[in-house]
Amino acid sequence: MAEQFLTLMADLDGASQAIMSTWYNRLNDSGFKGTQTPDLPFHISMTSFPSEKEQDAVALTRKIAGDFSPFPVHISHIG
């Protein structure tokens, strides 16, 4: 069984998901193949926690969620 852990992810908006899907499909159609987790939306992984630290992860996430609002991120290339 694969190692299990918790990840805090920044989700992208719907328009960005559509753009990234277009990029992904073009790369895939051109022969670039990889191993992706099925049905996981495009995102930015912010940090990870061991599974046994779930309560700490939840507490920290709730604390910082009140301090930050959504903000724009410009992605000019894949790299």
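Contact here means heavy atoms within 4.5 Å, and that cut-off underlies the list of partners at several stops of this tour, beginning with glutamine 17, which touches Leu12, Pro41 and Phe42 when residues up to four places away in sequence are not counted. The model on screen is a predicted one.

**The whole chain**

Before selecting single residues, display the protein chain as a cartoon and follow it along the sequence, where 2 helices and 2 strands appear in the pattern β-α-β-α. Turn the C-alpha trace along its principal axes, and its span comes to about 45 × 35 × 20 Å. The radius of gyration of the protein chain is 15 Å, whereas a compact globule of 79 residues would have one near 12 Å. If you colour by accessibility, buried residues account for 6% of the 79 residues, and the exposed area of the protein chain is about 7000 Å², of which carbon and sulfur atoms supply 57%. Among contacts between residues at least 6 apart in sequence, 84% join residues at least 24 apart.

**Leucine 12 and glutamine 17**

Select leucine 12, which sits in the loop between β1 (5-11) and α1. With residues up to four places away in sequence left out, leucine 12 touches Gln17, Met20, Phe42 and His43. Now add proline 50 to the selection: this residue is 38 residues from leucine 12 in sequence, and the two C-alpha atoms are 24 Å apart in space.

Move next to glutamine 17, which lies in helix α1 (residues 14-29). Is this side chain's residue, glutamine 17, buried or exposed? Glutamine 17 is buried, because its relative accessible area is 16% and buried means under 20%. Its partners, as given at the start, are Leu12, Pro41 and Phe42.

**Aspartate 29 and aspartate 39**

Stay in helix α1 and select aspartate 29, which is exposed, with a relative accessible area of 68%. A distance drawn from aspartate 29 to histidine 43, C-alpha to C-alpha, reads 21 Å, for a separation of 14 residues in sequence.

Continue into the loop between α1 and β2 and select aspartate 39. Most residues other than glycine have a negative phi. Aspartate 39, although not a glycine, has a positive phi of about 65°. Aspartate 39 is also exposed, with a relative accessible area of 81%.

**Serine 48 in strand β2**

The next selection is serine 48, found in strand β2 (residues 43-50). Which residues does serine 48 contact, leaving aside its neighbours within four places in sequence? They are Phe5, Leu6 and Thr7. Serine 48 and leucine 8 make a useful pair to label, since they are 40 residues apart in sequence and their C-alpha atoms are 6.1 Å apart in space. At 46% relative accessibility, serine 48 counts as partly exposed.

**The charged side chains**

Finally, show the charged side chains of the protein chain, 5 of them positive and 9 negative, with the centres of the two sets lying 3 Å apart. Side chains of opposite charge can pair when their charged atoms come close. How many salt bridges does a search of the whole structure find? The search finds 1, and to view this salt bridge you should select lysine 53 together with aspartate 56, whose closest N and O atoms are 3.9 Å apart. That distance qualifies because the cut-off for a salt bridge is within 4 Å. Both partners can be coloured by accessibility as a last step: lysine 53 is partly exposed at 39% relative accessibility, and aspartate 56 is likewise partly exposed, with a relative accessible area of 47%.

Methods: Residues numbered from 1 in each chain as written. Predicted model: local features only at pLDDT ≥ 70, side-chain atom pairs only at ≥ 80, totals over all residues. Heavy atoms only, no water. Salt bridge = Lys/Arg side-chain N within 4 Å of Asp/Glu carboxyl O. Buried < 20%, exposed > 50% of the residue type's maximum accessible area, 1.4 Å probe, protein only. Helix = DSSP H or I, 4+ residues; strand = E, 2+ residues; numbered from the N terminus. Rg over C-alpha atoms; globule rule 2.2 N^0.38 Å. Areas by Shrake-Rupley, 256 points an atom, 1.4 Å probe, with all protein chains shown as cover. Lys, Arg positive; Asp, Glu negative; His and termini not counted. Charge placed at Lys NZ, Arg CZ, Asp CG, Glu CD.
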